[in-house]
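Me: I'd like a close look at one part of this model, with the backbone details included. Here it is.

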Amino acid sequence: MEFLTVDEKPISYVQAVKYLQSSGKLGQFIGDILRQYIIEQELQKREDILISSALTEQTIIDFRLKNKLTEPQKFQEWLQSNGTNYDTFHSSVAYGFKVEKLKASVTESKLQEYYIERKIYLDRVVVSRIVVETQELAEELQTQIEEGANFEQLAREYSLSGEKIVNGMMGPVSRGTMPDKLRACVDIASPGQLIGPIELEGRYGLFRVEQFLSASLEDTQLRQALQNELFEKWLAEKIQKLTVKLQVN
């Protein structure tokens, strides 16, 4: 049975599967099919997931305005160049809204708990550091800073870390990725406070807390990212429960 035709030569389903196996993408291909299957099945049995035609139409209008496709001829050419037509495009837009609504429904009850579990990795701290070889030098630099020496200048002069070229500034660092003893000190520090010396991996660091960036579910992008993670976990659990047989005749 033909799967597709290339230069008038047919490629059968069997050959297509062999190509996917050879490229190492058969598993991903089947996974994508199962993912779509589960979403379709779930949407069919949920009566609460309805999308108004007006919302879909307005989204398409906004898309056309944004992409300068307001002229019917230009829009038609765009549809053709993307291998689709208006009905299919309309359906895909509506389907996207349905999936997002399903995603919100599936994750709503779990989102707060998941956020709390992940918060240590979501909270970030902006930190600057000076890393040196010996504790003695670190203590000497600590004394100089406490007596008024410029942290940034000392970082450029003495630090062994790559951040020395930007005055020791590490930028935002996830609390969850920090070594335990550093995180313990950072958690009780105030912005501008000097921490250390702390021994890490055979070297000694002086750290200055610049700013705390606490995660919040009020952050739309963060909320969406967590919803996506939870939705993918939900899909993975559904897929694991399926009995799947690959049949190629």
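Where does N167 lie?

Reply: Bear in mind that this is a predicted model. N167 lies in the loop between α7 and β4 (169-174). Its phi is near 65°, a positive value in a residue other than glycine. That's worth a look, since most residues other than glycine have a negative phi. With a relative accessible area of 28%, N167 counts as partly exposed because that value falls between the 20% and 50% cut-offs.

Now step back to the helix before that loop. Helix α7 (residues 151-158) packs with helix α6 (residues 135-146) at an angle of about 155°, and their axes are 10 Å apart. The two are therefore roughly antiparallel, and α6 passes α7 in a right-handed crossing. On the α6 side the contact uses L137, L141, Q144 and I145, while α7 brings F151, L154 and Y158. Sorted by class, that's six nonpolar residues, one polar and no charged ones.

F151 also leads us on to a strand: R208 touches F151, along with others including E152, V126 and Q193. R208 is found in strand β6 (residues 203-213), and its relative accessibility is 16%, so it counts as buried. Its side chain makes a polar contact with the side chain of E210, at 2.8 Å.

For comparison with N167, try E8, in the loop between β1 (2-6) and β2 (9-12). Phi of E8 is near 70°, again positive in a residue other than glycine. E8 has 74% relative accessibility, so it counts as exposed.

How values were computed. Residues are numbered from 1 along each chain as its sequence is written. This is a predicted model: local features need pLDDT of at least 70, side-chain atom pairs count only at pLDDT 80 or more; totals for chains, interfaces and linings use all residues. Side-chain values use heavy atoms; hydrogens and water are left out. Axes are lines fitted to C-alpha atoms, for helices over the stretch in contact, and angles run from 0 to 180 degrees between N-to-C directions. Helices (H or I, at least four residues) and strands (E, at least two) are DSSP runs, numbered from the N terminus. Angles under 35 degrees count as roughly parallel, over 145 as roughly antiparallel, 65 to 115 as roughly perpendicular and the rest as oblique. A crossing is left-handed if the near helix is turned anticlockwise from the far one by less than a right angle, and right-handed if clockwise. Contact means heavy atoms within 4.5 Å. Ala, Val, Leu, Ile, Met, Phe, Trp, Tyr, Cys and Pro count as nonpolar, Asp, Glu, Lys and Arg as charged, and the others, Gly among them, as polar. Buried means under 20% relative accessible area, exposed over 50%, partly exposed in between (1.4 Å probe, protein chains only). A polar contact is a pair of N or O atoms within 3.5 Å; within protein, one must be able to donate a hydrogen and the other to accept it, and residues adjacent in sequence count only if both atoms are side-chain atoms. Lists of a residue's contacts leave out its neighbours within four places in sequence.
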